[in-house]
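Reader: Hello! I am new to protein models and would like to learn how to read one, feature by feature. Could we go through one together?

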Amino acid sequence: LFDGVYPFYPQQRKAFVFDVSTIIVIVVFLTIACSFLLIIPGIRGRARLYWTLRVLLSLVVGVVIVVVQFTGDWETGWVKTNTSYKSFSRALVNVDIGLHVGLAGVNVTLMGNPVNQVNETINYNEHFPWSFGADYDHSYGEGLEKGLPSPILYVAEKFTTQSPCGMHRQYRISGHYASATLWVAFCAWLISNILFSMPVLVYGGYMLLVTGAFMIFSLLSFSTVRNSLMCPIQFGTTILRTGYGGSFWLTLAIGLLCFVAGITVVALHYFNLDLLKTFFDLREGKAEECQEMTEVYVNPHFVNKGL
């Protein structure tokens, strides 16, 4: 040891915990939500409830579309096993190994049972990106130079471009298409909010349907990796198996919510327009009140001159 740090580490290891981009997106949307809540008391009557419901639901849809771009749990898997910890060592450790696949890369988690074994703290969560501008093989090479534990390197190696499994190409392409369709869904969500504020309610409902459709398209794009044979990730007699994670199911839920909201708006437009206008605070009586002139003042001087 050299001051408590292994010589092959340039500095004390810092595990990947949470994507900063995710924090930024959540903070931005929370700021917008808090700003709206500050002006809610100025809205009178039942319109206050309708405004709150519309704005909060819209913000939830927007934040989910953006946040899932940066999360790493579109596909996850865990396995508990006894395996070697370091290369050229016969020491076995009991660990939980996790694989978390996102649209922009993979996270490999290694947690000891217990955490302190072989005179070390076994608690790793390493990120290997493959998004545009990122080199997965370079990140894997850096992991080799750092001397990361063998289980992490074994799992990460399955996703390299040189691996005979071909998993890198499958996941990278499907992730890029899923990300692109999600950004289209985000643009459709923005347009729907603009149309609702103009207000052109039925077209806003149509754009909600488009938003939901592109979110479902992103799920279909990501799920295409399941159509090909998966390379087994095996530790002794146990196999690490993966399934769809929280981000996948959250995107599905919000996509279905957009479908339900869009169909509801379109149906109310054709079958109960008054109820729809009431929900969006566009009652005919209120519009007429705004346009009605209660008093008219005329200057007698101009009237006498025929002006």
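Reader: Which backbone oxygen does the side chain of S223 reach?

Author: Good place to start, and keep in mind that this is a predicted model. To read a polar contact, look for a pair of N or O atoms within 3.5 Å. Here the side chain of S223 reaches the backbone oxygen of L220, at 2.9 Å. S223 lies in helix 6, which covers residues 201-223.

Reader: Is S223 buried or exposed?

Author: Buried means under 20% relative accessible area. S223 has 17% relative accessibility, so S223 counts as buried. You can practise on two more residues. H176, in helix 5, is buried with a relative accessible area of 16%. L53, in helix 2 (residues 47-67), counts as partly exposed at 41%.

Reader: Which residues is H176 in contact with, leaving aside its neighbours within four places in sequence?

Author: For that we ask which residues have heavy atoms within 4.5 Å. With those neighbours left aside, H176 is in contact with W130, S131 and F132. Sequence distance and distance in space can also be set side by side: L53 and F279 are 226 residues apart along the chain, and their C-alpha atoms are separated by 9.8 Å.

Reader: How do I read a helix? Which residues of helix 3 are buried?

Author: Go through the helix and mark every buried residue. In helix 3 (residues 136-146) these are Y136, S139, Y140 and G143. They cover an arc of only 100° around the axis, so they sit on the same side of helix 3.

Reader: What do the buried residues of helix 3 pack against?

Author: Their partners are strand 3 (105-117), strand 4 (120-129), helix 4 (150-157) and helix 5 (167-197).

Reader: And what do I find at the ends of helix 3?

Author: At the N-terminal end, D135 acts as a cap: one of its side-chain oxygens lies 3.1 Å from the backbone nitrogen of D137. After helix 3 comes G147, with a positive phi near 80°.

Reader: Now the strands, please. What is the order of the strands in the open sheet?

Author: As a general idea, strands of a sheet pair through backbone hydrogen bonds, either parallel or antiparallel. This open sheet has five strands in the order 4-3-2-1-7, and the pairing is antiparallel. Strand 4 and strand 7 (243-244) are at the edges with a single partner strand each, so one side of each has no neighbour in the sheet.

Reader: How many bridges join strand 3 to strand 4?

Author: Nine bridges join this antiparallel pair. To follow the pairing on the model, find G105 opposite P129 in strand 4, then M111, whose bridge partner in strand 4 is N123. Strand 3 and strand 4 form a hairpin with two residues between them, and V118 in the turn has a positive phi of about 45°.

Reader: Is strand 4 mostly covered or mostly open?

Author: Strand 4 is mostly covered, with seven of its 10 residues buried.

Reader: How many aromatic pairs does the whole structure have?

Author: A search of the whole structure finds 20 aromatic pairs. Take F29 and W189: their ring centres are 6.3 Å apart and their planes are at 45°, so this pair is tilted. The pair links distant parts of the chain, with F29 in helix 1 (residues 20-39) and W189 in helix 5, 160 residues apart. F29 counts as buried at 12% relative accessibility, and W189 counts as buried at 8%. Another tilted pair is F128 with Y136, 6.0 Å centre to centre and 50° between the planes. Both F128 and Y136 are buried.

Reader: Which residues do ring pairs link into a cluster?

Author: The cluster links W74, F128, W130, Y136, F159, Y171, F222, Y244, F248 and W249. You have already met F128 and Y136 as a tilted pair.

Reader: One last thing. Which residues does UniProt list as "transmembrane region"?

Author: The unreviewed UniProt entry lists residues 20-39, 51-71, 91-110, 177-196, 202-225 and 246-271. With a record like this, look at what the model has in each span. Over residues 246-271 the chain is 100% helix and 0% strand, with the end C-alpha atoms 37 Å apart. Residues 91-110, by contrast, are 0% helix and 80% strand, and their end C-alpha atoms lie 16 Å apart.

How values were computed:
Residues are numbered from 1 along each chain as its sequence is written. This is a predicted model: local features need pLDDT of at least 70, side-chain atom pairs count only at pLDDT 80 or more; totals for chains, interfaces and linings use all residues. Side-chain values use heavy atoms; hydrogens and water are left out. UniProt positions are given in the numbering used here, feature names are shortened, and annotations may be inferred rather than shown by experiment. Helices (H or I, at least four residues) and strands (E, at least two) are DSSP runs, numbered from the N terminus. Buried means under 20% relative accessible area, exposed over 50%, partly exposed in between (1.4 Å probe, protein chains only). The arc is that of the directions from the helix axis to the C-beta atoms. A polar contact is a pair of N or O atoms within 3.5 Å; within protein, one must be able to donate a hydrogen and the other to accept it, and residues adjacent in sequence count only if both atoms are side-chain atoms. Two strands pair if DSSP finds at least two bridges between them. Rings of Phe, Tyr and Trp (its six-membered ring) pair if their centres lie within 6.5 Å; planes under 30 degrees apart count as stacked, over 60 as edge-to-face and the rest as tilted.
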